[in-house]
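Dear colleague,

Please find below the structure that I am handing over to you. My findings follow directly after it, arranged by region.

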Amino acid sequence: PGRPPPPPPPPAPREPREQFCNEVFEELDVNGNGSLDAEELRMLGAKLRQPWSLTFTEDLVLVLDVDGDGEIQWQEFWRWYKTVILEGAKWDAYEDLDHTQVGNSTMPSYVKLRKYRANLRLQKAAEA
């Protein structure tokens, strides 16, 4: 009855690819808040020798941000890295924006994407 609970088990060791991805994530997380914003994500493009514009990384955040908080947490980053980079899955970022779930994989125009992002920001502001 008076015994303290046992200590939690140590975290499971990560496989080497996941460990590497985590190291990349931590390097990109310049402010150390545990998530990546669009500006931090631009550094990944530079590391890949693909200079990504801020607009591109803002769009990428929108697509990868599963919980809708406006930043990419480790699990969101790992999910993308694992399925696209490691498993080589065909990744059409714009399919993730198909919230109608009708399977319309037609790439929306840049204008539609910008409107979608603006509406999402308005919704988040209204909720705050």
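**The nonpolar core**

The largest nonpolar core has 19 residues, of which L36, L41, L44 and F77 touch the most other members. Helices α1, α2, α3 (54-64) and α4 are the elements that give two or more residues to this core. The greatest contribution is that of α4, with six residues. Please bear in mind throughout that this is a predicted model.

L36 deserves a separate word. Leaving aside residues up to four places away in sequence, L36 touches F25, L28, D29, L41, E71, I72 and F77.

**Overall layout**

The chain has five helices and two strands, and from the N terminus on these elements run α-β-α-α-β-α-α. Of the 128 residues in the chain, 29% are buried. The accessible surface comes to about 9000 Å², and carbon and sulfur atoms account for 57% of that surface. Among contacts between residues at least 6 apart in sequence, 48% join residues at least 24 apart.

**The aromatic residues**

There are six aromatic pairs in the structure. One of them is formed by F25 and F77, which are tilted, with 5.5 Å centre to centre and 55° between the planes. This pair links distant parts of the chain, since F25 belongs to helix α1 (residues 16-28) and F77 to helix α4 (residues 74-86), 52 residues apart. Are these two residues buried or exposed? F25 has a relative accessible area of 4% and is therefore buried, the cut-off being under 20%. F77, at a relative accessible area of 1%, is likewise buried.

F77 also pairs with W80: the ring centres are 5.9 Å apart and the planes stand at 55°, so this pair is tilted. Both F77 and W80 lie in helix α4, three residues apart, which is about one turn of the helix. In general, an α-helix has 3.6 residues a turn, so residues three or four places apart point the same way. W80 counts as buried, with a relative accessibility of 9%.

Taken together, F25, W74, F77, W78, W80 and Y81 form one aromatic cluster. A contact to one of its members, W74, comes from N22, which also touches R14, not counting residues up to four places away in sequence. N22 is found in helix α1 and counts as buried because its relative accessibility is 9%.

**Helix α2**

Helix α2 spans residues 38-47, and its buried residues are A38, E40, L41, L44 and G45. Seen down the axis of α2, these buried residues fall within an arc of 165°, so they line one face of the helix. L41 and L44 have already appeared above among the core residues that touch the most other members.

At the N-terminal end, α2 is capped by D37, which has a side-chain oxygen 3.1 Å from the backbone nitrogen of E39. After α2 comes R49, with a positive phi near 60°.

M43 is found in helix α2 as well. At 30% relative accessibility, M43 counts as partly exposed. Which residues does M43 touch, not counting residues up to four places away in sequence? They are E27, L28 and V30. For M43 and V30, which are 13 residues apart along the chain, the C-alpha atoms are separated by 9.8 Å.

**E76 and its surroundings**

The last site that I would like to bring to your attention is E76, found in helix α4. With a relative accessibility of 7%, E76 counts as buried. A polar atom of the E76 side chain lies 2.8 Å from the backbone nitrogen of V66. Not counting residues up to four places away in sequence, E76 touches L64, D65, V66, D67 and E71. The C-alpha atoms of E76 and D65 are separated by 6.6 Å, and these two residues are eleven places apart along the chain. E71 is also touched by L36, a residue of the nonpolar core described at the outset.

With kind regards

Key:
Residues are numbered from 1 along each chain as its sequence is written. This is a predicted model: local features need pLDDT of at least 70, side-chain atom pairs count only at pLDDT 80 or more; totals for chains, interfaces and linings use all residues. Side-chain values use heavy atoms; hydrogens and water are left out. Rings of Phe, Tyr and Trp (its six-membered ring) pair if their centres lie within 6.5 Å; planes under 30 degrees apart count as stacked, over 60 as edge-to-face and the rest as tilted. Helices (H or I, at least four residues) and strands (E, at least two) are DSSP runs, numbered from the N terminus. Buried means under 20% relative accessible area, exposed over 50%, partly exposed in between (1.4 Å probe, protein chains only). Contact means heavy atoms within 4.5 Å. The arc is that of the directions from the helix axis to the C-beta atoms. A polar contact is a pair of N or O atoms within 3.5 Å; within protein, one must be able to donate a hydrogen and the other to accept it, and residues adjacent in sequence count only if both atoms are side-chain atoms. Accessible areas come from the Shrake-Rupley method with a 1.4 Å probe; for residues, only the protein chains shown count as cover. A nonpolar core is a set of buried Ala, Val, Leu, Ile, Met, Phe, Trp, Tyr and Cys residues joined through side-chain atoms within 4.5 Å.
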